[in-house]
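Me: I am new to this structure. Please take one part and go through it closely, in short steps.

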Amino acid sequence: MSLERFFNQAVSSWMSEEGPDSDIVLSSRIRLARNLEEFNFPTIFSHEEAKQVIQILEETLKKSNPPGFNHMNFLKMNEIQPLQKRVLVEKHLISPHLAEDASYGAVLLSENEEVSIMINEEDHIRIQCLFPGLQLTEALKAANEIDDWLENNLQFAFDEKYGYLTSCPTNVGTGLRASLMMHLPGVVLTQQINRIIPAINQLGFVVRGIYGEGSEALGNIFQISNQITLGKSEEDICLDLMGVASQLISQEKSAREALQKTSNIQLEDRVFRSLGILTNSRIIESKEAAKCLSDVRLGIDLGYITHLSKNILNELMILTQPGFLQQYAGGPLRPFERDIRRAALIRERFKMETEK
């Protein structure tokens with residue numbers, strides 16, 4: 001398979017599928033942080049050590065592939081263009097840190113982009129598994145199988161008292177970050193989100209934007225993840241997060257029902273105004289595009305819009321990001337040029353959908 005597919009195709013295979021509660025939970029992610037015992041951690045290691053870590057992982061991959069995967073693609077960060085790195089970030093396949101700061105980093109990608117193993121990010125190894133909808137248990141099972149495969153070939157830094165050792169103390173223990181990407185327009189429109197976020201924080205979870213720490217919640221999409229990794233099992237962390245998700249799903253559904261009962265015509269008007277903007281604009285900024293795409297997705301979920309599929313929204317949320325727009329253009333674009341291309345791309349994509 002050509003590596004260009006990772007940079008040119010907006011929607012990963014797992015994104016085009018539907019999972020449990022996928023009207024609200026867009027995706028489930030499990031990330032396991034691991035470090036090799038014989039090397040300094042990435043925060044203080046030398047360039048030579050970084051190269052050795054990459055070589056060890058390459059040799060491990062040559063011996064065998066993770067269970068369930070016939071082929072993994074090995075991409076070194078210093079061999080791909082900055083724009084391509086940005087595209088991988090926008091697709092959630094690598095972190096901004098790996099793209100920007102890890103000169104001697106790499107990533108192993110499965111063909112369906114469900115599995116991403118980052119090398120020399122904040123830790124030597126970060127295993128990431130992404131599943132559609134609310135499937136944390138399934139994602140954890142896949143991540144543990146890959147973890148076992150690696151541990152059969154490598155010696156991880158581990159302490160009998162504290163568990164897996166990591167660069168950041170907040171990851172010590174299981175090394176697990178479980179997260180859910182959730183579309184929550186109902187609780188935002190009913191202004192409940194400002195009350196919900198502090199309550200979630202008090203339970204030991206954190207609410208971030210679409211691309212994690214330091215990012216905005218564009219298009220009413222929020223990432224909810226655990227903060228505690230020490231003193232709890234991986235299964236308990238996932239069960240606790242699913243409990244929070246269950247409450248959020250219930251609150252979001254109630255908020256949507258309340259909006260339909262009390263402000264149905266206003267809600268329908270908002271949805272179709274956003275659809276009109278997306279199908280007719282000649283210039284549109286990323287924030288406005290994300291807001292309108294969120295409204296249209298809500299309209300699809302509520303049955304206002306019947307001629308569009310949810311998948312087009314998943315696709316456009318990625319396609320309209322700066323990296324992808326410039327990848328399609330074949331080079332850098334000024335912000336105003338990106339806004340013009342974004343509008344043209346959205347119009348064309350909606351036209352293709354309605355002509356099916």
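What follows is a close look at one helix and its salt bridges, with a few other parts for comparison.

Reply: Keep in mind that this is a predicted model. Start with helix α9, which covers residues 286-301. Two salt bridges inside this helix are worth a look.

Take Lys 291 and Asp 295. They form a salt bridge, and their closest N and O atoms are 3.0 Å apart. Both residues lie in α9, four residues apart, which is about one turn of the helix. An α-helix has 3.6 residues a turn, so residues three or four places apart point the same way. Side chains of opposite charge can pair when their charged atoms come close.

Are the two partners buried or exposed? Lys 291 has a relative accessible area of 33%, so this residue is partly exposed. Asp 295 has 1% relative accessibility and therefore counts as buried. The cut-off for buried is under 20%.

Now move along α9 to Arg 297 and Asp 301. Their side chains meet in a salt bridge, at 3.9 Å from N to O. Again the partners are four residues apart in α9, so about one helical turn separates them. Arg 297 has a relative accessible area of 6%, so this residue is buried. Asp 301 has 21% relative accessibility and counts as partly exposed.

What does Arg 297 touch, leaving aside residues up to four places away in sequence? The contacts are Ser 22, Asp 23, Leu 26, His 183, Lys 310, Leu 313 and Asn 314. Arg 297 also belongs to a network of salt bridges. Its members are Glu 252, Arg 256, Arg 297, Asp 301 and Lys 310. Lys 310 thus appears in both places: Lys 310 is a contact of Arg 297, and Lys 310 is a member of the network.

How many salt bridges does a search of the whole structure find? The search finds 21. Another of them joins Glu 337 and Arg 334, with the closest N and O atoms 3.5 Å apart. Glu 337 has 28% relative accessibility and counts as partly exposed. Arg 334 is exposed, with a relative accessible area of 57%.

A nonpolar patch comes next. Ile 283, Phe 336 and Ile 340 make a nonpolar surface patch of about 280 Å². Ile 340 lies in helix α12, residues 335-354. With 35% relative accessibility, Ile 340 counts as partly exposed.

Finally, set helix α2 beside this. Helix α2 has 17 residues, 47-63. At 1.5 Å a residue, the helix should span 24 Å. The end C-alpha atoms are 25 Å apart, which agrees. Which residues of α2 are buried? They are Glu 49, Ala 50, Val 53, Ile 54, Leu 57, Thr 60 and Leu 61. These buried residues cover an arc of only 140° around the axis, so they sit on the same side of α2. The face turned away from that buried side carries the exposed residues His 47, Lys 62 and Lys 63. What covers the buried residues? The cover includes the strands β2 (72-76), β3 (106-110), β4 (115-119) and β5 (125-132). Helix α5 (136-151) is also part of the cover.

Notes. Residues numbered from 1 in each chain as written. Predicted model: local features only at pLDDT ≥ 70, side-chain atom pairs only at ≥ 80, totals over all residues. Heavy atoms only, no water. Expected span 1.5 Å × (residues − 1). Buried < 20%, exposed > 50% of the residue type's maximum accessible area, 1.4 Å probe, protein only. Arc of directions from axis to C-beta. Contact = heavy atoms within 4.5 Å. Patch = residues over 30% accessible without salt bridge, like charges linked within 9 Å, V, L, I, M, F, W, Y side chains within 5 Å. Areas by Shrake-Rupley, 256 points an atom, 1.4 Å probe, with all protein chains shown as cover. Salt bridge = Lys/Arg side-chain N within 4 Å of Asp/Glu carboxyl O.
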